[in-house]
Amino acid sequence: MKILLIGSTGQLGSDILRLFEKKHSVVSGGREIFDIRYADEFGNFIKNRFSAVINCAAFLDVPLAEKSVRDPLLMNYYAPMKMAGECRKRNVRFIHFSTDYVFDGKKNSPYIEDDSANPLNVYGMTKYMGERGVLYENPSASVMRVSGLYGKTPSRAKGYNFISLFLDKAGKSEIVDVVGDEILTPTSTRNIARQTLVVLENGVSGIIHSTDEGEVSWHSFAEEIASFMKLKVKVNKTTQAQSAVSRPKYSVLENRKLKDAGLNVMKDWKASLHEFLREVYL
Ligand SMILES: NC(=O)c1ccc[n+]([C@@H]2O[C@H](COP(=O)([O-])OP(=O)(O)OC[C@H]3O[C@@H](n4cnc5c(N)ncnc54)[C@H](OP(=O)(O)O)[C@@H]3O)[C@@H](O)[C@H]2O)c1
């Protein structure tokens, strides 16, 4: 299969590239291959060259999105909608990624795909609009909601991931503050890459929750890192009130659609974390 992968220099895209190029012919890159802010050109760009398009590009700076909505709207809403439509016209599979931040966190038990969204911040709102736009233009598209990503390649938008940032702080200070009232499922990008291949090969469409299994607060996640790495650091529990942007306090996703289809290959968060730490840091 000939696949176009946009956003392959990011944390998720790089793991998708590593896996997919073993089986498929992949044309990939960041904005130098195709800048999604010029999505009106997407039809001319793809012509009839690909049988699938995977979009990992997005506007990811959550605090900056609150200050200026133009690029978040363009990249998280308009561009994926436009790309999805161009793919539908050419009978090309389109896979896109969304976020647990489409939810407000008030449910307090894992969200399934059919639960109502109610984003609390601009990033979450533009990603939600993107989901709706993609599926309106291309009902056969796959929109995979993921959460709290970490992988070997740091986030392009931030330059780090939660684990590398925590380890960096733990190396410099005896006490590290970590928020304790945000519960989610931190998820390995390598696992999502495997799940994406399964979604592509089995033609799963619509909204698809695709996070690792289980749930944990960022504070307990940090404590698990410290314990596994045998660090002496004290992990100090803080609260969201100290953050400028509203975020859901509980955004655990259940991979209900994948489980019902017998296609869920996501793994337990703790096992995935240990595997990652062993491979990258030990
Ligand atoms: N990170 C998380 O914890 C998290 C949580 C939930 C959902 N998600 C979703 O998961 C997806 C992947 O996120 P990620 O963390 O892997 O992001 P990332 O590491 O910041 O990577 C973003 C990618 O998009 C590319 N890009 C940026 N601007 C572009 C543009 N205008 N045109 C084309 N490409 C552009 C970047 O390439 P260059 O900079 O090289 O151009 C990079 O390859 C996104 O849809 C995001 O919303 C992420």
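Tutor: Before we start on this predicted model, one convention: Ala, Val, Leu, Ile, Met, Phe, Trp, Tyr, Cys and Pro count as nonpolar, Asp, Glu, Lys and Arg as charged, and the others, Gly among them, as polar.

Student: Good, so how many residues of each class does the shell around the ligand have?

Tutor: The shell has twelve nonpolar, eleven polar and five charged residues.

Student: And which residues come nearest to the ligand?

Tutor: Of the 28 residues around the ligand, the nearest are G10, G30, R31, A57 and A157. Two elements, α1 (11-20) and β4 (93-99), give two or more residues to that shell. The largest share is from α1, with three residues.

Student: Switching to the sheet, what is the strand order?

Tutor: The order is β2-β1-β3-β4-β5-β10, an open sheet of six strands with parallel pairing. Because β2 (25-29) and β10 (206-209) stand at the edges with a single partner strand each, one side of each has no neighbour in the sheet.

Student: How many bridges join β1 to β3?

Tutor: Four bridges join them, and I6 stands opposite N55 in β3. Helix α1 packs on this sheet, touching β1, β2, β3 and β4, and its direction makes about 160° with that of β1.

Student: What about α4, where does that helix lie?

Tutor: Helix α4 lies across β3 and β4, at about 160° to β4. Helix α4 (residues 70-89) also packs with α5 (residues 122-137) at an angle of about 10°, their axes 8 Å apart. Angles under 35 degrees count as roughly parallel, so α4 is roughly parallel to α5.

Student: Which residues make that contact?

Tutor: Among them are L73, Y77 and M81 of α4, and Y123, M129 and V134 of α5. By class, the contact has ten nonpolar, five polar and three charged residues.

Technical notes:
Residues are numbered from 1 along each chain as its sequence is written. This is a predicted model: local features need pLDDT of at least 70, side-chain atom pairs count only at pLDDT 80 or more; totals for chains, interfaces and linings use all residues. A residue is near a molecule or strand if its C-beta atom, placed from the backbone, lies within 6 Å of it. Axes are lines fitted to C-alpha atoms, for helices over the stretch in contact, and angles run from 0 to 180 degrees between N-to-C directions. Angles under 35 degrees count as roughly parallel, over 145 as roughly antiparallel, 65 to 115 as roughly perpendicular and the rest as oblique. Two residues are in contact if their C-beta atoms, placed from the backbone, lie within 7 Å. Two strands pair if DSSP finds at least two bridges between them.
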